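Work through the exercises below with the sequence and the coordinates at hand. Each task is followed by a solution in steps.

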Amino acid sequence: MGDTKELRGVHDVGGLLDEPFEASEHDYLPWEKRVHAIRELLAEKGLLRVDELRRAIESAGEEEYRKLTYYEQWVSAICKVMLERGVVTDDELGRRIAEIDQRDG
């Protein structure tokens, strides 16, 4: 039987100790709270299911998965699912991101 690690995605670390893990509580940043609230609202409206969020997070490539924080992964996944569902278009999302970039400089 081959090495089961070959079959694992980057997100599948159950039973593996890859690096130290700190499980302490922390204060959430305002933007993290907003992302969480957005996910809750989208779920309430029937626009996002937990399994869709998880699939979108887990389908990210290894480089993206490792470089993004937990809530950054959520943002990326929410955008991906909203694009897939046609809730927002690439153009609309791009314009909004540009507006935010310009505002936050």
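**Exercise 1: A pair within one helix**

The side chains of Arg 96 and Glu 99 form a salt bridge, with N and O 3.0 Å apart. The model is a predicted one.

Task: Determine which helix holds Arg 96 and Glu 99, and how many residues apart they are.

Solution.
- Step 1. Both Arg 96 and Glu 99 belong to helix α5, residues 90-104.
- Step 2. They are 3 residues apart, about one turn of the helix.
- Step 3. For the pair to count, a side-chain nitrogen of Arg must be within 4 Å of a carboxyl oxygen of Glu; the N to O distance here is 3.0 Å.
- Step 4. Arg 96 has a relative accessibility of 42% and is partly exposed. Glu 99, at 43%, is also partly exposed.

**Exercise 2: A network of charged side chains**

Task: State which residues are joined with Arg 49 into one network by salt bridges that share partners.

Solution.
- Step 1. Start from Arg 49, which forms a salt bridge with Asp 51; their closest N and O atoms are 3.2 Å apart.
- Step 2. Classify the two ends. Arg 49 has a relative accessible area of 45% and is partly exposed. Asp 51 is partly exposed as well, with 47%.
- Step 3. Add the salt bridge between the side chains of Glu 52 and Arg 85, at 3.1 Å from N to O.
- Step 4. Place this second pair. Glu 52 lies in helix α2 (residues 50-58) and Arg 85 in helix α4 (residues 70-85), so the pair ties together parts that are 33 residues apart in sequence.
- Step 5. Collect the members: salt bridges with shared partners join Arg 49, Asp 51, Glu 52 and Arg 85 into one network.
- Step 6. For the whole model, the count by this rule is 9 salt bridges.

**Exercise 3: Burial of Glu 52**

Task: Decide whether Glu 52 is buried or exposed, and list its contacts outside the four neighbouring places in sequence.

Solution.
- Step 1. The cut-off for buried is under 20% relative accessible area.
- Step 2. Glu 52 has a relative accessibility of 10%, so the residue counts as buried.
- Step 3. Its salt-bridge partner Arg 85 has a relative accessible area of 35% and is partly exposed.
- Step 4. Not counting residues up to four places away, Glu 52 touches Leu 47, Val 81 and Arg 85.

**Exercise 4: The cavity and Ala 77**

Task: Find how many cavities of 30 Å³ or more the structure has, and describe the lining of the largest cavity.

Solution.
- Step 1. The search of the whole structure gives 1 cavity of 30 Å³ or more. The space in the largest cavity is about 30 Å³.
- Step 2. The lining consists of Ala 56, Ile 57, Ala 60, Glu 64, Leu 68, Gln 73, Ser 76 and Ala 77.
- Step 3. By type, these residues divide into 5 nonpolar, 2 polar and 1 charged.
- Step 4. Helices α2 and α4 each supply at least two lining residues. The largest share, 3 residues, comes from α4.
- Step 5. Take Ala 77, located in helix α4. With 1% relative accessibility, Ala 77 is buried.
- Step 6. Ala 77 and Ile 57 are 20 residues apart in sequence, and their C-alpha atoms are 5.4 Å apart.
- Step 7. Outside its neighbours within four places, Ala 77 is in contact with Leu 53, Ala 56 and Ile 57.

**Exercise 5: His 36 and the overall layout**

Task: Identify the residues that His 36 contacts, leaving aside neighbours within four places in sequence, and give the helix pattern of the protein.

Solution.
- Step 1. His 36 sits in helix α1, residues 30-44. At 31% relative accessibility, His 36 is partly exposed.
- Step 2. The contacts are Tyr 71 and Trp 74.
- Step 3. His 36 and Tyr 71 are 35 residues apart along the chain, with 8.0 Å between their C-alpha atoms.
- Step 4. The protein has 5 helices and 0 strands, in the pattern α-α-α-α-α along the sequence.
- Step 5. Of the contacts between residues at least 6 apart in sequence, 61% join residues at least 24 apart.
- Step 6. Buried residues account for 19% of the 105 residues. The protein exposes about 8,400 Å², of which carbon and sulfur atoms supply 53%.

Definitions and conventions. Residues numbered from 1 in each chain as written. Predicted model: local features only at pLDDT ≥ 70, side-chain atom pairs only at ≥ 80, totals over all residues. Heavy atoms only, no water. Buried < 20%, exposed > 50% of the residue type's maximum accessible area, 1.4 Å probe, protein only. Helix = DSSP H or I, 4+ residues; strand = E, 2+ residues; numbered from the N terminus. Contact = heavy atoms within 4.5 Å. Areas by Shrake-Rupley, 256 points an atom, 1.4 Å probe, with all protein chains shown as cover. 1 Å grid on protein atoms, 1.4 Å probe; cavity = no way out; pocket = protein on both sides within 12 Å on 5 of 7 lines; lining within 4 Å. Points joined across faces, edges and corners; volume = space filled by probe spheres on them. Nonpolar A, V, L, I, M, F, W, Y, C, P; charged D, E, K, R; others polar.
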